[in-house]
Amino acid sequence: MADEPRPVVVPDFRGRQALDAWLSGHDAGLTLQGPDPDSPHPLLNGLVVAQLPAAGTRLDRWGTVTVWVAGGGDPSGVREPRRPLPEPREEPGYGDTP
């Protein structure tokens, strides 16, 4: 059949920068995603430390490869709200000196 998807060999993304891995995957005809596809953090920062399926596996074109990334992103939003809450500061009034 002419419209059958062609298999793509999965490259080894481990040890690569996440953005570089994502771009290389796209160039190879694959889709990369993190372990939580609904995460608000894009797959751009850090190093790829693991992947599934493994390198050398054949997938259909635009098949999904899950990658785990370490050392990237800004987790500050995950830690909010802080406990205990910070002490409220009084704002100086107009013309007051601190």
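Which strands does helix H1 (residues 18-28) lie across? Select the helix and look beneath: H1 lies across E2, E3 and E5, and runs at about 150 degrees to E2. Axes here are lines fitted to C-alpha atoms, for helices over the stretch in contact, and angles run from 0 to 180 degrees between N-to-C directions. Contact means heavy atoms within 4.5 Å.

Before going on, a word on the model: it is predicted, with local features needing pLDDT of at least 70 and side-chain atom pairs pLDDT 80 or more, while totals for chains, interfaces and linings use all residues. Residues are numbered from 1 along each chain as its sequence is written, and side-chain values use heavy atoms, leaving out hydrogens and water.

**Colour by secondary structure.** You should find one helix and five strands, in the order β-α-β-β-β-β from the N terminus. Helices (H or I, at least four residues) and strands (E, at least two) are DSSP runs, numbered from the N terminus.

**Select the sheet.** Three strands form an open sheet in the order E2-E5-E3, with mixed pairing. Strands E2 (31-33) and E3 (47-52) are at the edges, each with a single partner strand, so one side of each has no neighbour in the sheet. Neighbouring strands are turned by 35 degrees against each other on average, direction ignored. Two strands pair if DSSP finds at least two bridges between them; E3 and E5 (residues 64-70) do so in the antiparallel sense, over five bridges. To see one of these, pick Leu-52, whose bridge partner in E5 is Thr-66.

**Stay on E3 and pick Gln-51.** This residue sits in strand E3. Is Gln-51 buried or exposed? Its relative accessibility is 11%, so Gln-51 counts as buried; buried means under 20% relative accessible area, exposed over 50%, and partly exposed in between (1.4 Å probe, protein chains only). Now show its side chain: a polar atom there lies 2.7 Å from the backbone nitrogen of Phe-13, and a polar atom of the same side chain lies 3.1 Å from the backbone oxygen of Pro-11.

**Finish in the core.** The largest nonpolar core has 11 residues, including Val-10, Phe-13, Leu-30, Leu-59 and Val-65. Such a core is a set of buried Ala, Val, Leu, Ile, Met, Phe, Trp, Tyr and Cys residues joined through side-chain atoms within 4.5 Å. Centre on Val-65: not counting residues up to four places away in sequence, Val-65 touches Val-10, Phe-13, Leu-30 and Leu-59, among others.

Conventions. Polar contact = N/O pair within 3.5 Å; in protein donor to acceptor, adjacent residues only side chain to side chain.
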